[in-house]
Amino acid sequence: MITNLPPIADRTAYQAEVDRLRLWEKAHTREGDAIAAARRRLPMVEVEPGITLTGPSGPVTLLDAFEGRCQLIAYYFMWHPGHPAAGQCEGCTFYTSQVGELSYLHSRDATFAVFSQGPYEESARYHDFLGWQMPWYGVQSPAVDALLADRQVGMMYLICYVRQGDRVYETYWTTLRGVEAMDNSYALLDLTVFGRQEPWEDSPADWPRGWWQEGGGSNLRSNGRPIAHWSRLEAGRSDDLSG
């Protein structure tokens, strides 16, 4: 039982504190807008449009992954070849699971796709096990080395591209906590009194902290698996990646 909850106030005093915080939140929003404006003005770097990916119908090019749209947002999924579903990346599973409705991106002439850094057939079975609907490609060496261009292969990345005709340019990339742009679960938890319940957060000492290395897991695993697996297994889906 948590005993060190915030102090209790009447509605007037509570609203006064919310109003004070709102000024800070609005400043944060405006700063985010300014950062986004600077991001839109970054220089671009040209990328070979013919780099080969593997899709459901076989080899395709990076240009094909745009699906005819002007922009492409690619999430580079960490993949552990030969590992079972339970051994795949919980972080990539967490972020990818939260990308559902793509029509809003499409309305802005942008395609979203996942580039799995491993064999297509194996990783596509993981995509199907989780019931994901977004476009999915396999990208391995030498293609992934060319796409990541001096960045570490095997890490999670979120990379944005634009095309002019048949020419492709990289316009932005990020990794690690930068890929939280895909997330809504943490964003919602950040609004709650207990937050993400992770040890790095600035919270009172006796706040819940259960989601970190519990039972040898992590903040995104439960009972040895990425958290999103359990509902799929309960629904009877197979997580056999061997084909």
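User: Where in this model do Glu25 and Arg22 lie, and how many residues apart are they?

Analyst: In this predicted model, Glu25 and Arg22 both belong to helix H1 (residues 11-40), where they are 3 residues apart, about one turn of the helix. Glu25 forms a salt bridge with Arg22, and the closest N and O atoms of the pair are 2.6 Å apart.

User: Are Glu25 and Arg22 buried or exposed?

Analyst: The term buried is kept for residues under 20% relative accessible area, and exposed for those over 50%, with partly exposed in between. Because Glu25 has a relative accessibility of 32%, it counts as partly exposed, and Arg22, with a relative accessible area of 38%, is partly exposed as well.

User: How many salt bridges does a search of the whole structure find, and which parts of the chain does the pair of Arg221 and Glu90 link?

Analyst: The search finds 10 salt bridges. In one of them the side chains of Arg221 and Glu90 meet, at 2.9 Å from N to O. This pair links distant parts of the chain, since Arg221 is in strand S9 (residues 221-222) and Glu90 is in helix H3 (residues 90-97), 131 residues apart. Arg221 has a relative accessible area of 14% and is therefore buried.

User: Which parts does the pair of Glu170 and Arg151 tie together?

Analyst: The side chains of Glu170 and Arg151 meet in a salt bridge of 2.7 Å, taken from N to O. Glu170 lies in strand S8 (residues 167-175), whereas Arg151 lies in the loop between helix H6 (143-148) and strand S7 (157-164), so the pair ties together parts that are 19 residues apart in sequence. Both residues of this pair, Glu170 and Arg151, are buried.

User: Which residues are linked in a network of salt bridges?

Analyst: That network is made up of Arg177, Glu180, Asp190 and Arg196.

User: How should I read a strand such as S5; which way do its residues point, and are they buried or exposed?

Analyst: For a strand, one can ask about each side in turn. Ala110, Phe112, Val114 and Ser116 point one way from S5, while Thr111, Ala113 and Phe115 point the other way, and all are buried. Because 7 of the 7 residues of strand S5 (residues 110-116) are buried, the strand is largely enclosed by the rest of the structure.

User: Which strands are joined to S5 by bridges?

Analyst: Strand S4 (residues 71-77) runs parallel to S5 and is joined to it by 7 bridges, and among the paired residues Leu72 has Thr111 as its bridge partner in S5. Strand S6 (residues 136-138) also runs parallel to S5, through 3 bridges, with Tyr137 in S6 as the bridge partner of Phe115.

User: What does the side chain of Ser123 reach, and which residues does Ser123 touch?

Analyst: Ser123 lies in helix H5 (residues 120-129), and its relative accessible area of 0% is why Ser123 counts as buried. The side chain of Ser123 reaches the backbone oxygen of Pro119 at 3.0 Å. Leaving aside residues up to four places away in sequence, Ser123 touches Trp79, Ser116 and Trp136.

User: How is empty space found, and what lines the largest pocket?

Analyst: Rolling a probe the size of a water molecule over the atoms shows where empty space is left. Here the largest pocket has a volume of about 2000 Å³. Its lining consists of 49 residues, of which Glu25, His28, Thr29, Asp190 and Leu191 lie nearest its centre. The elements that give two or more residues to this lining are H1, S4, S5, S7 and S8, and the largest share, 17 residues, comes from H1.

Definitions and conventions
Residues are numbered from 1 along each chain as its sequence is written. This is a predicted model: local features need pLDDT of at least 70, side-chain atom pairs count only at pLDDT 80 or more; totals for chains, interfaces and linings use all residues. Side-chain values use heavy atoms; hydrogens and water are left out. A salt bridge is a side-chain nitrogen of Lys or Arg within 4 Å of a carboxyl oxygen of Asp or Glu. Helices (H or I, at least four residues) and strands (E, at least two) are DSSP runs, numbered from the N terminus. Buried means under 20% relative accessible area, exposed over 50%, partly exposed in between (1.4 Å probe, protein chains only). A polar contact is a pair of N or O atoms within 3.5 Å; within protein, one must be able to donate a hydrogen and the other to accept it, and residues adjacent in sequence count only if both atoms are side-chain atoms. Contact means heavy atoms within 4.5 Å. Two strands pair if DSSP finds at least two bridges between them. On a 1 Å grid over the protein atoms alone, a cavity is a set of points where a 1.4 Å probe fits but cannot get out, and a pocket is an open set with protein on both sides within 12 Å along at least five of seven lines; lining residues have an atom within 4 Å of a point. Grid points are joined across faces, edges and corners, and a volume is the space filled by probe spheres set on the points.
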